[in-house]
Amino acid sequence: MSIADNILYFDEQLRNTPCRLVAVSKTHSPEKIKEAYDAGHRLFGENKVQELVDKRDMLPHDIAWHLIGHLQRNKVKYIAQFIDTIQSVDSLKLLQEINKRAEQFARTLPINCMLQISIADEETKFGMNYDEAVALLQSEEYRQMKYVSITGVMGIATNTEDEQKLRQEFRYLRECFQNLKDTFFFASDYFKEISMGMTSDWQLAVAEGSTIIRVGSGIFGTRNYNK
């Protein structure tokens, strides 16, 4: 199927759910992204700051960009002016840098941020544990921030075909979200996102309560890592 057909497929699959699609365009060309854009899609995700900046300059500016890869503090300044959401906040220091840069650009809207929670067995994946997320939200530093808005949690499941394990990890992330919601955001409508599920496991993630799935190859085809 074409990129446009794939977008329409996911639109149909998610139509009666609370879940949205982030089309993950890492390693794919601006031309391919424009195909998805022309099919009506506006929500795209990138892993690397430089690639995101380069593509943003070549594409329509009504795209809502999500940074979904690990973010180094010294690179926040390159995206703070335009980024819609940073899904991969994994430390208080990173959140402080995001807030600082957003203030420098005098953003009228805060940068949406999601707390990346470690849910997989794999040590190669980034993220906080639940207790670290609680400590961040309890900190005086966080309470002083005015240019970030924490909208939910994100997690990357283990790379496995074991559906029971995937469901267990997705349920754990949903439990983390609910506990944080009840403790810190019970009166905040904006804390509503659970970003989990990718091309290979998005259906399980939606069944377990995902509100954002991150799909790359299911939209754009196999990635070219030799570029």
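Does Ala 106 count as buried or exposed, and what is its relative accessibility? In this predicted model, Ala 106 has a relative accessibility of 54% and counts as exposed. Ala 106 belongs to the loop that runs between H4 and E5. Its backbone deserves a second look: phi of Ala 106 is near 50°, a positive value in a residue other than glycine. A useful companion to this residue is Thr 27, which also is not a glycine and has a positive phi of about 70°. Thr 27 is found in the loop between E1 and H2. With a relative accessible area of 16%, Thr 27 is buried, whereas Ala 106 is exposed.

From these loops, the description can turn to the helices, beginning with H1. Helix H1 spans residues 3-13, and its buried residues are Ile 3, Asn 6, Ile 7 and Phe 10. Viewed along the axis of H1, these buried residues fall within an arc of 100°, so they line one face of the helix. The spacing fits a simple rule. An α-helix has 3.6 residues a turn, so residues three or four places apart point the same way. The cover over the buried residues of H1 includes strand E1 (20-24), helix H2 (30-38), H8, E8 and helix H9 (217-220).

Helix H5, residues 130-138, can be read in the same manner. Its residues Tyr 130, Ala 133, Val 134, Leu 136 and Leu 137 are buried. Down the axis of H5, the buried residues fall within an arc of 160°, so here too they line one face of the helix. Among the elements that cover them are helix H4 (92-104), strand E5 (111-116) and helix H6 (140-143). Strand E6 (148-154) and helix H7 (163-184) are also included in this cover. The N-terminal end of H5 is capped by Asn 129, where a side-chain oxygen lies 3.1 Å from the backbone nitrogen of Asp 131.

The nonpolar interior comes next. The largest nonpolar core has 64 residues, and Ile 79 and Leu 115 are those with the most contacts inside it. H7 gives the largest share of this core, six residues. Leaving aside residues up to four places away in sequence, Ile 79 touches Val 49, Leu 52, Val 53, Leu 67, Leu 71 and Ile 86. A second core, separate from this one, has eight residues, including Val 22, Leu 43, Ile 68 and Ile 156.

Polar side chains can be buried as well, and Ser 210 offers an example. Where does Ser 210 lie? Its place is the loop between helix H8 (202-207) and strand E8 (212-215). Ser 210 is buried, with a relative accessible area of 1%. Its side chain has polar partners on the backbone: a polar atom of that side chain lies 2.8 Å from the backbone oxygen of Met 196, and the side chain also reaches the backbone oxygen of Ile 212 at 2.9 Å. Not counting residues up to four places away in sequence, Ser 210 touches Cys 19, Ile 194, Met 196 and Ala 205.

Charged residues complete the picture. Side chains of opposite charge can pair when their charged atoms come close. How many salt bridges does a search of the whole structure find? The search finds 12. One of the residues involved is Lys 55, which meets Glu 46 in a salt bridge at 2.8 Å, N to O. Lys 55 counts as buried at 5% relative accessibility, and Glu 46 is buried with a relative accessible area of 0%. Lys 55 also forms a salt bridge with Glu 51, where the closest N and O atoms are 2.7 Å apart. Both Lys 55 and Glu 51 lie in helix H3 (residues 49-58), four residues apart, which is about one turn of the helix. Glu 51 is buried, as is Lys 55.

A further pair is found in helix H7. Here Lys 165 forms a salt bridge with Glu 169, with 3.3 Å between the closest N and O atoms. These two residues of H7 are four residues apart, about one turn of the helix. Glu 169 counts as buried, at 5% relative accessibility. Returning to Lys 55, salt bridges that share partners join Glu 46, Glu 51 and Lys 55 into one network.

Key
Residues numbered from 1 in each chain as written. Predicted model: local features only at pLDDT ≥ 70, side-chain atom pairs only at ≥ 80, totals over all residues. Heavy atoms only, no water. Buried < 20%, exposed > 50% of the residue type's maximum accessible area, 1.4 Å probe, protein only. Arc of directions from axis to C-beta. Contact = heavy atoms within 4.5 Å. Polar contact = N/O pair within 3.5 Å; in protein donor to acceptor, adjacent residues only side chain to side chain. Core = buried A, V, L, I, M, F, W, Y, C linked by side-chain atoms within 4.5 Å. Salt bridge = Lys/Arg side-chain N within 4 Å of Asp/Glu carboxyl O.
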